[in-house]
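Trainee: Got a minute to go through a model with me? I'd like to start with the surface.

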Amino acid sequence: MRLSTVILPIHRWSEGQKTWRRAEELGFHAAYTYDHLSWRTFRDGPWFGALPTLTAAATATERIRLGTLVTSPNFRHPVTLAKELMALDDISGGRITLGIGAGGNGFDATALGQEPWTPKERADRFGEFVGLLDRLLTEESVTETGTFYSANEARNIPGCVQRPRLPFAVAATGPRGLRLAARYGQAWVTTGDPKIFEDGTPEQSVAALRGQIEKLGKACAETGRDVAELDKILLTGFTPDRSRPLESLDAFVDFAGRHRELGFTEIVIHWPIPASDFAADHAVFERIATEALARLG
């Protein structure tokens with residue numbers, strides 16, 4: 001199992017760079033950031049762009065993997081995104097993972113002045129978005145006319161440092177998204193079952209996650225792929241456990257062990273943010289970063 005962190009882009013780089021460097025010093029496998037224009041309770045405070053932040057992080061670090069968790073079609077187009085990702089993969093020396101999901105009805109859904117998409121349209125757009133992005137990052141020149149996204153002789157030379165392209169970590173729980181993960185993903189991402197976040201129990205969450213992994217396995221089987229080929233990433237903080245796994249080293253080891261048994265290969269914890277849903281004791285957080293995996297055995 002690997003342990004990673006997600007660093008929200010809420011600090012000016014003069015301060016923020018210290019966090020990304022510290023994440024590398026602590027030995028995290030990867031440091032991700034959210035790719036939003038604004039997000040929830042952080043909407044009225046500082047919030048910086050994900051890809052410029054990752055570019056700066058790539059120049060401030062040497063070993064740690066970097067990525068989005070997650071990018072969505074809400075305000076991005078595959079052609080321009082592919083060009084930026086190719087450059088970012090080059091700047092980082094091949095350390096980028098693209099977390100990608102369908103998006104939702106948050107602030108990003110209307111920031112460009114559009115009406116929010118229906119769930120069906122989000123799923124339709126997501127499928128087209130991921131398929132075109134895959135082509136753009138693996139072929140030198142792409143021309144494609146889609147219902148929502150098109151490309152006309154879009155060129156991405158010399159391509160990604162990572163071959164055949166940088167890895168996709170596809171966030172999905174529904175059948176269409178899971179099929180995309182099975183077809184295009186090098187990893188699959190989940191935050192758990194949102195229906196039980198408020199009133200569910202940790203045991204119900206484990207059962208729901210087990211069911212998601214089983215559905216992922218079926219989607220992989222339908223495409224002729226071994227589900228073991230995909231890394232399975234759990235972004236914490238959105239299950240009924242909430243922040244309890246970060247209350248102590250023992251609590252986290254217990255949490256991680258239960259989810260490793262389900263088949264998860266990577267757990268992502270939020271870098272502590274005081275006076276927020278992601279508040280945590282920083283000393284405990286650092287102990288988890290440096291000691292938890294050894295305790296798991």
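Trainee: How much area does the protein chain expose, and what share do carbon and sulfur atoms supply?
Mentor: About 13600 Å² is exposed, and carbon and sulfur atoms supply 50% of it. Accessible areas come from the Shrake-Rupley method with a 1.4 Å probe; for residues, only the protein chains shown count as cover.

Trainee: What should I know about the source?
Mentor: This is a predicted model: local features need pLDDT of at least 70, side-chain atom pairs count only at pLDDT 80 or more, and totals for chains, interfaces and linings use all residues. Residues are numbered from 1 along each chain as its sequence is written, and side-chain values use heavy atoms, with hydrogens and water left out.

Trainee: What is the radius of gyration, and what would a compact globule have?
Mentor: The protein chain has 18 Å; a compact globule with 297 residues would be near 19 Å, so the two agree. The radius is taken over C-alpha atoms, and the globule rule is 2.2 Å times the number of residues to the power 0.38.

Trainee: How many helices and strands are there?
Mentor: Eight helices and 10 strands. Both are DSSP runs, numbered from the N terminus: helices are H or I, at least four residues, and strands are E, at least two.

Trainee: What percentage of the residues count as buried?
Mentor: 53% of the 297. Buried means under 20% relative accessible area, exposed over 50%, partly exposed in between (1.4 Å probe, protein chains only).

Trainee: Now α2. Why is helix α2 called largely enclosed?
Mentor: Because eight of its 11 residues, in the run 50-60, are buried. Among them are Leu 51, Thr 53 and Leu 54.

Trainee: What do the buried residues of α2 pack against?
Mentor: Two helices, α1 (13-25) and α3 (78-92), plus strands β2 (30-33) and β3 (65-71). Contact here means heavy atoms within 4.5 Å.

Trainee: Switching to cysteines. How many disulfides are there?
Mentor: Zero, where a disulfide is a pair of cysteine sulfur atoms within 2.5 Å.

Trainee: Is Cys 160 buried or exposed?
Mentor: Cys 160 is buried, at 3% relative accessibility. Cys 220 is buried too, at 0%.

Trainee: Last one. Where is Pro 175 found?
Mentor: In helix α5, residues 175-184. Pro 175 is exposed, with a relative accessible area of 57%. From Thr 110, Pro 175 is 65 residues away in sequence and 26 Å away in space, C-alpha to C-alpha.
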